[in-house]
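Reader: I'd like to learn how to read pockets in a protein model. Can you walk me through it?
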Amino acid sequence: MATKKTDDVFSLSSFDPAKFADSFREFAEKGAAQSKDAYAKMKTAAEEATKTVEATVESAQTGTIELGLKALDALRTNAENSLSHMEALLGVKSLSELVELQTIFIRKQAELAVEQAKTMQEATKKVAENVAKPGKDAAEKAISNFKKA
């Protein structure tokens, strides 16, 4: 019987270093390209997230100032009304006049409180929408990019 000689797979003579080096270089280049691409995507995402946070903080700061000014205006109005009412009370000549002044003052203050509450509610709603807008826009953009991929 004739035996057919086969090359030993594990022998060093079948090892071609040039092929190994080419394969390794190709693998390394592909890995480097993928790493650069991943880094670029992460950098872009980080920059967009930073812009979103900055816009959110700026909106919150602006809104807080706006709400604070509205609250100060309401306090000033209430203080002025109270002082005017106190001056009017100092000139009261009868009990019926005192009751009438007090009733008018309480009614006006109640109406003013409702008006001030509506104003603050509208301003708070506007501020909340402005603060949420950058995050909402970023989320919508991310979802649309995700759907495209």
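Author: Sure. Keep in mind that this is a predicted model. Let's start with who builds the walls: helix H1 (17-90) and helix H2 (95-148) each put at least two residues into the lining of the largest pocket.

Reader: How does one find empty space in the first place?

Author: Rolling a probe the size of a water molecule over the atoms shows where empty space is left. Here, the volume of the largest pocket comes out at about 210 Å³.

Reader: Which residues line the largest pocket?

Author: Going along the chain, you meet Ala 45, Glu 48, Ala 49, Lys 51 and Thr 52, then Ala 138, Lys 141, Ala 142 and Asn 145. H1 provides the largest share of that lining, 5 residues.

Reader: And what classes of residue make up the lining of the largest pocket?

Author: It's a mix: 4 nonpolar, 2 polar and 3 charged residues.

Reader: What is the volume of the second largest pocket?

Author: About 180 Å³. Its lining includes Asn 81, Ser 84, His 85 and Ala 88, along with Leu 101, Ile 104, Phe 105, Lys 108, Gln 109 and Leu 112. The elements giving two or more residues to this lining are H1 and H2.

Reader: Which helix gives the most to the second largest pocket?

Author: That's H2, with 6 residues in the lining. Sorted by class, the second largest pocket is lined by 5 nonpolar, 4 polar and 1 charged residues; the charged one is Lys 108.

Reader: So how would I sum up the helix contributions?

Author: For the largest pocket, H1 has the largest share of the lining; for the second largest pocket, H2 gives the most.

Notes: Residues are numbered from 1 along each chain as its sequence is written. This is a predicted model: local features need pLDDT of at least 70, side-chain atom pairs count only at pLDDT 80 or more; totals for chains, interfaces and linings use all residues. Side-chain values use heavy atoms; hydrogens and water are left out. On a 1 Å grid over the protein atoms alone, a cavity is a set of points where a 1.4 Å probe fits but cannot get out, and a pocket is an open set with protein on both sides within 12 Å along at least five of seven lines; lining residues have an atom within 4 Å of a point. Grid points are joined across faces, edges and corners, and a volume is the space filled by probe spheres set on the points. Helices (H or I, at least four residues) and strands (E, at least two) are DSSP runs, numbered from the N terminus. Ala, Val, Leu, Ile, Met, Phe, Trp, Tyr, Cys and Pro count as nonpolar, Asp, Glu, Lys and Arg as charged, and the others, Gly among them, as polar.
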